[in-house]
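Biologist: Hi! Could you walk me through this one while I have it open on my screen?
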Amino acid sequence: MRTYYIFEIKDEFYKLYKDGPNTLYIILRQLFLLKKQDAEYGFNIFNQLTNQQNKYLLNKNIFVKYHKEMIYTKLGNEHIINNLFKDEISILTIKNSYIMLSTNHNYSSFFNILIDYSNNYFVVDFKNQDYFFLNDIKMLV
């Protein structure tokens, strides 16, 4: 299973890092690894880089748009794709400051869904040191 953290980057930082996402990844990785005593400092930097998610609206829009699909279900705050034909199991959880996606593949169908909501999503898998802007990967698939 891969775990992706998806952040909506503010426009000015998206423009700054779109051609060099490595620097943005390093910043987010350092924030991810911060010690508890530095949390307030990290929180301030994180808020400067990212937009808050409208958790209620995004949850509602995804559910309304996909609730009739056979491969999609929603349990509590989790959106689930269980696609037997593609052997994909993906679980999307929307938080106030980021979106978390767990999937058994390198690419999830949720990427196709999320691209409709923002052009500034930055996707990070800290464990595998993988990162990309969602709109860049969308063009490849």
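Biologist: Let's start with a pairing: how many bridges join strand β3 and strand β4, and in which sense do they pair?
Modeller: Keep in mind that this is a predicted model. Strand β3 (residues 78–83) and strand β4 (residues 88–94) share six bridges, and the pairing is antiparallel. As one example of a partner, His79 is bridged to Leu92 in β4.

Biologist: Thanks. And in what order do the strands of the sheet come?
Modeller: The open sheet has seven strands, and the order is β2-β3-β4-β5-β1-β6-β7, with antiparallel pairing. β2 (72–75) and β7 sit at the edges, each pairing on one side only. On average, neighbouring strands of the sheet are turned by 20 degrees against each other, direction ignored.

Biologist: β6 caught my eye. Are its residues buried or exposed?
Modeller: Five of the five residues of β6 (residues 121–125) are buried, so the strand is largely enclosed by the rest of the structure.

Biologist: Which of them point which way?
Modeller: Tyr121, Val123 and Asp125 point one way, while Phe122 and Val124 point the other way, and all are buried. That fits the general pattern: side chains in a regular strand alternate between the two faces of the sheet.

Biologist: What does β6 pair with on either side?
Modeller: Strand β1 (residues 2–8) is joined to β6 by four bridges, and the two run antiparallel. β6 is also joined to strand β7 (residues 130–133) by four bridges, again antiparallel. You can follow Phe122 across: Phe7 has Phe122 as its bridge partner in β6, and Phe122 in turn has Phe133 as its partner in β7.

Biologist: And the turn between β6 and β7, how many residues does it have?
Modeller: The hairpin has four residues between the strands, and Gln129 takes a positive phi near 50 degrees there.

Biologist: Switching to helices. Which residues of α3 are buried?
Modeller: In helix α3 (residues 39–49), the buried residues are Gly42, Phe46 and Leu49. They cover an arc of only 60 degrees around the axis, which puts them on the same side of α3.

Biologist: What do those buried residues pack against?
Modeller: The buried residues of α3 pack against β1, α1 (11–17) and α2 (21–32). The face turned away from that buried side carries the exposed residues Glu40, Tyr41, Phe43 and Gln48.

Biologist: Just past that helix there's Thr50. Where is it placed?
Modeller: Thr50 is in the loop between α3 and α4 (55–66). Its relative accessibility is 2%, so Thr50 counts as buried. A polar atom of the Thr50 side chain lies 2.9 Å from the backbone oxygen of Phe46.

Biologist: What else does Thr50 touch, leaving out residues up to four places away in sequence?
Modeller: Thr50 touches Phe7, Glu8, Ile9 and Lys10.

Biologist: There seem to be rings everywhere I look. How many aromatic pairs are there?
Modeller: The count is 17 aromatic pairs. One of them is Phe7 with Tyr98, a tilted pair at 6.3 Å centre to centre, with 50 degrees between the planes. Phe7 lies in strand β1 and Tyr98 in the loop between β4 and β5 (99–103), so the pair ties together parts that are 91 residues apart in sequence.

Biologist: Are those two buried or exposed?
Modeller: Phe7 is buried at 6% relative accessibility, whereas Tyr98 is partly exposed at 22%.

Biologist: And what about Tyr107 and Phe111?
Modeller: Their ring centres are 5.2 Å apart and the planes are at 75 degrees, so that pair is edge-to-face. Tyr107 is partly exposed, with a relative accessible area of 23%, and Phe111 is buried at 1%.

Biologist: Which residues do ring pairs link into a cluster?
Modeller: The cluster consists of Tyr5, Phe7, Tyr14, Tyr25, Phe32, Phe46, Tyr98, Phe122, Phe126, Tyr131 and Phe133.

Biologist: Last one: where is Asn135 found, and what joins its side chain to Tyr14?
Modeller: Asn135 is found in helix α6 (residues 134–140), and a polar contact of 2.8 Å joins its side chain to that of Tyr14. Asn135 is buried, with a relative accessible area of 16%. Leaving aside neighbours within four places in sequence, Asn135 is in contact with Tyr14, Ile115 and Asn119.

Definitions and conventions
Residues are numbered from 1 along each chain as its sequence is written. This is a predicted model: local features need pLDDT of at least 70, side-chain atom pairs count only at pLDDT 80 or more; totals for chains, interfaces and linings use all residues. Side-chain values use heavy atoms; hydrogens and water are left out. Buried means under 20% relative accessible area, exposed over 50%, partly exposed in between (1.4 Å probe, protein chains only). Two strands pair if DSSP finds at least two bridges between them. Axes are lines fitted to C-alpha atoms, for helices over the stretch in contact, and angles run from 0 to 180 degrees between N-to-C directions. The arc is that of the directions from the helix axis to the C-beta atoms. Contact means heavy atoms within 4.5 Å. Rings of Phe, Tyr and Trp (its six-membered ring) pair if their centres lie within 6.5 Å; planes under 30 degrees apart count as stacked, over 60 as edge-to-face and the rest as tilted. A polar contact is a pair of N or O atoms within 3.5 Å; within protein, one must be able to donate a hydrogen and the other to accept it, and residues adjacent in sequence count only if both atoms are side-chain atoms.
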